[in-house]
Structures are given as C-alpha cells and as structure tokens.
Amino acid sequence: MQGSFAVSAAVLLLAGQAAAQSSNTPPPPAEVPALYEIGTAPSAQRIRADVQTLVDFGTRHTLSDTQSQTRGIGAARRWIFEEFQRISAACGDCLEVRYVSDVVTGPRIPNPTEVVSVIAIQRGASDPDRYVFMSGDIDSRVTDVMDFTSDAPGANDNASGVAGTLEAARILTQRRFPATIVYAALAGEENGLFGGAILAAEAKREGWRVQAFLNNDMIGNSAGINGVVDNTTARIFAEGTRATETPEEARQRRFTGGEVDSPARNLARYIDRLADQYVPNLDTMVVYRLDRFGRGGHHRPFNDLGWPGVRIMETNEHYDRQHQDLRTENGRHYGDTIEYVDFDYAAKLTALNAVALASMAWAPPPPANVVIEGAVSPDTTLKWTRPSAAQAPNLAGYRIYWRLTDAPQWTNSRWVGDVTEFTLRNVVIDNYFFGVAAVAKDGTESPVVFPGAAGSFGGY
C-alpha cells in the first residue's frame, strides 16, 4: 500500500509540473454526447434481417454461381450493392457505391476468377483524403475450402460482419464528418484474402491516407466451444512492428522503443478506451498479435502496406460452427447456421465500430512528424507538426500522453493547447513511453501517436 501511495503521489507531482507549463486555453469537453447516441443506436433486428438475407443465398463461396438471382456470391454482392444504394438514398445520396474487383489466381483459386467486393464511400467535408474503414467478408465456406456447391450459410462467419457494416452505414450516414468513411463488403477472404488485397492496392494507387482499417470477422457468437457464454467482451487483434519497417528504422527502434506502440496497437488502445466510455456493458481485450494464432484476416493486406489495421471479433469462438459441413453427429450440431447468432451481441460490436469510426472521422488527423528529446535530462520534450487550418478547422489543440513502459494502456495525460512543442519538466524520458493526440473542439481525439517511425500514422 505504501508503494502504491508513493507512485500515485509521484504521478500527481508530475502532472502538476506539466500543468504549470500548459496553455491557458481550457481543454475541450471530456466526453462527446453524440458518441453515446451512436453507442446504443445499432438495431439487433435489422442485423438479424440482413444476416437472414445473406444466409438465404445458400452459399457465398468465392467460386460459387455469379449469374443466379437467388443463389451464390453474385446474387449476394448485388444485394449488398443495392442495400448500400438504399442507405445512400436515405441520406440524400451521400454514398458513392461501387464495385472493386480484379481477376486473381492462387492455391485456393486455381482458375482465373474475378473477385468482386462492394464499397460505399462517405466523403469527408474538410479532410476527404483521410480514410477510415469498416469491413466485413461476403464469402462463406464449408469443411473443404474448394467446395463451392454445398450449402454454406456463413451466418456468423461472416454474414455478421457484413450486416454490422451495413448497420454502421445506416447510422453514420445520418451525420457528417471531416474525414472519409469507407464501408466495405469484401470477397475472397476464405480463399486468400483477395478482396482486402485488391482494395488496399487501389488505396495505395489512389494515394489515400489510410488512418485505420477495422476488420470485422465473426462478431455474433457469444457462446464458445470452451463452455463460456459471454456477451460483454470482444477482442481486438493488433500487430506490433510494421511489416514495412526498414533496417534503419529497426535500428532506431532498438534504442528508443516502439515494439508495442505501432499505430495498430495504439489504434486498438483507442478503441478499447472508447468501448469503456461509450458502449454499455462492453469491455475489449487487446491481443498483441496480427490475428489468432497462425491465422489471418482482411486487415492483413492493409498491415502489409504499413497501414494501421485491426481485427474486431467475438471473444469465445465455437469451432463446430466455423468451416463445417452442415450435419449432426451423435446429437452434436455442426455448421454456421443462424440460430446460433447472438444478434444483441452483434449489435453491441457494431456499436463499437460505429463509435470508433465516428470518433476518428470527427477528430483532427493524428499528429505527424512526432519526435521526442530528453536523453541525459530530467525533462522530456515532444514536437510535432500541425495540419493546415483548412484541413483541420475543428482542431482545438493537443494532448500529451505517457505511461510506464509495462502498462498496457495510456494512464497519464496533459492538455497542452494548440502548440507544436511541449516540455514535461522532471518527467524522465527513460522511465515512460510517450505519445501525442490531436483534439477537436467537440472533444473527439485522434489515436495517440508514439514518436518516430515506429508509431507514425503518416503525414498530412
């Protein structure tokens, strides 16, 4: 107890010293009422209806029928396209709805096949070249990944993710944002992550500034094969060191840190904090790994290009209901059928995504060119660059964060105002990790940016 008191006193002392230097500008509000509204807006009934529609296509296998109006992936993607168009009509044609496709081959696609995804783009008002994404996967499968004729309802894997993406679009298109939001229904996941790779390649080709990619793959199962029934937690998978890190950046990181502060990890911490505040009865588990052990999802193609991407999903999986032929053996059900989807839970994870998308799209862009100084000094100084007033008209200023190096979440922070440099007096750089977030006038914040290449979310 005495040690805990000493640590608390030290933290208060450091905070007081920092406050003495901070801007006289009062900080923005500590909470955003609109995010509370968004955090309870998704409808379990609408998500159920969309999952049922997707299940009724029989199979959505990447290699399944594309010509039928009632069965196969072709019918499914046309319905998704039309649903996005209906959502757009309800918001005054605020969405640009289109297909994104390419012809691919691979170990699981032996013959040249057109993989077609559907995206809906809600353009930002002042920073339209900054993009945040939410995605779900269209395709489904049974035990044999090459079996494209058998029924593969894919109710949870991953009609739940597509239905959540549609529902988030219905909610967020009733509002306007500075940054651009992309709602994506991606194909080809089970056969090689092709839909995500095709979309990521287009984003790179078009020069999009990708701030975040939220991959939703299985968000509707609350009863695990481990016997745990839990509708109050979710997992966020986030990789560490960037795949695109150069040898020089790796050398720098060895001496300055950053292994646990990649933009993907700080994106996950950001979503975790939003869950605690704005989504009732939901706690998230940040998992320091690209995906489940040895596995992958549609965020990976974005990670491969160096962009922050995470996977959001249920905490307890049920493997009898994934990648299984429909059957009953010894009284045990196998197959991904709709009666095992928890739609209230899917609505809750949809709310988590919608809150995160709205918060990021409303907030100013994450600080760029963040650097830190303080070696052999009692003080720590952070510097960063500011976007133009036209790009971030709602920018109020910046907040500096720091934490002990073994702490999983940012624990200390200080509002410093609209400045591009700040020194924390008597806060020793060797003992903490540091970061900076941009704050809007309404109180929304960007994710925290760790200094240097290891933590950069990119430039303006």
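This section describes the strand pairing, the disulfide and the enclosed and open spaces of a predicted model.

Strand β4, which spans residues 179–186, is mostly covered, with 8 of its 8 residues counted as buried. Two strands pair with β4, and they do so in opposite senses: strand β2, made up of residues 109–122, pairs with β4 in the antiparallel sense over 5 bridges, whereas strand β3, residues 127–137, runs parallel to β4 and is joined to β4 by 8 bridges. Individual bridge partners can be given for both pairings. In the pairing of β2 with β4, A120 has Y183 of β4 as its bridge partner, and on the side of β3 the residue that stands opposite L186 of β4 is D137.

Further along the chain, three strands form an open sheet in the order β14-β13-β16, and the pairing in this sheet is antiparallel. Its edge strands are β14, residues 412–417, and β16, each of which pairs on one side only. Neighbouring strands of this sheet are turned against each other by 25° on average, direction being ignored. Strand β13, which covers residues 395–404, pairs with β16 in the antiparallel sense over 9 bridges, and W402 stands opposite F434 of β16.

Another open sheet of 3 strands has the order β11-β12-β15, again with antiparallel pairing. In this sheet the edge positions are taken by β11 and by β15, residues 421–424, each pairing on one side only, and the twist from one strand to the next averages 15°. The pairing between β11 and β12 is antiparallel and extends over 4 bridges; within it, V371 has K383 of β12 as its bridge partner.

The loop between β12, residues 380–385, and β13 contains S388. With a relative accessibility of 40%, S388 counts as partly exposed, because this class lies between the limits of 20% for buried and 50% for exposed residues. Between S388 and V162 the separation is 226 residues in sequence and 36 Å in space, taken from C-alpha to C-alpha.

A search of the whole structure finds 1 disulfide. The bond is formed by C91 and C94, whose sulfur atoms lie 2.0 Å apart. The torsion about the S-S bond of C91 and C94 is about -85°, and the disulfide is therefore left-handed. Both cysteines fall under the 20% limit for burial: C91 counts as buried because its relative accessibility is 10%, and C94 counts as buried because its relative accessibility is 18%.

With regard to open space, the largest pocket holds about 700 Å³. Its lining consists of 39 residues, of which F450, G452, A453, A454 and S456 lie nearest the centre of the pocket. Several secondary-structure elements take part in this lining, since β5 (209–216), α7 (247–256), β11 (368–373) and β16 (432–440) each supply at least two residues. The largest share, 5 residues, comes from helix α7. Two of the contributing strands, β11 and β16, have already been described as edge strands, β11 in the sheet that also contains β12 and β15, and β16 in the sheet that also contains β13 and β14. By class, the lining of the largest pocket divides into 21 nonpolar, 12 polar and 6 charged residues.

As for enclosed space, the count comes to 2 cavities of 30 Å³ or more. About 70 Å³ of space lies in the largest cavity, which is lined by R141, A152, P153, G154, D157, E190, Q322, H323, Q324, L326 and D336. The lining of this largest cavity comprises 3 nonpolar, 4 polar and 4 charged residues. The second largest cavity contains about 50 Å³ of space, and the residues that line it are E239, G240, R242, S262, P263, A264, N303, G306, W307 and P308. In the lining of the second largest cavity, 4 residues are nonpolar, 4 are polar and 2 are charged.

How values were computed
Residues numbered from 1 in each chain as written. Predicted model: local features only at pLDDT ≥ 70, side-chain atom pairs only at ≥ 80, totals over all residues. Heavy atoms only, no water. 1 Å grid on protein atoms, 1.4 Å probe; cavity = no way out; pocket = protein on both sides within 12 Å on 5 of 7 lines; lining within 4 Å. Points joined across faces, edges and corners; volume = space filled by probe spheres on them. Nonpolar A, V, L, I, M, F, W, Y, C, P; charged D, E, K, R; others polar. Pairing = 2+ DSSP bridges. Axes fitted to C-alpha atoms, helices over the stretch in contact; angles between N-to-C directions. Disulfide = S-S within 2.5 Å. Buried < 20%, exposed > 50% of the residue type's maximum accessible area, 1.4 Å probe, protein only.
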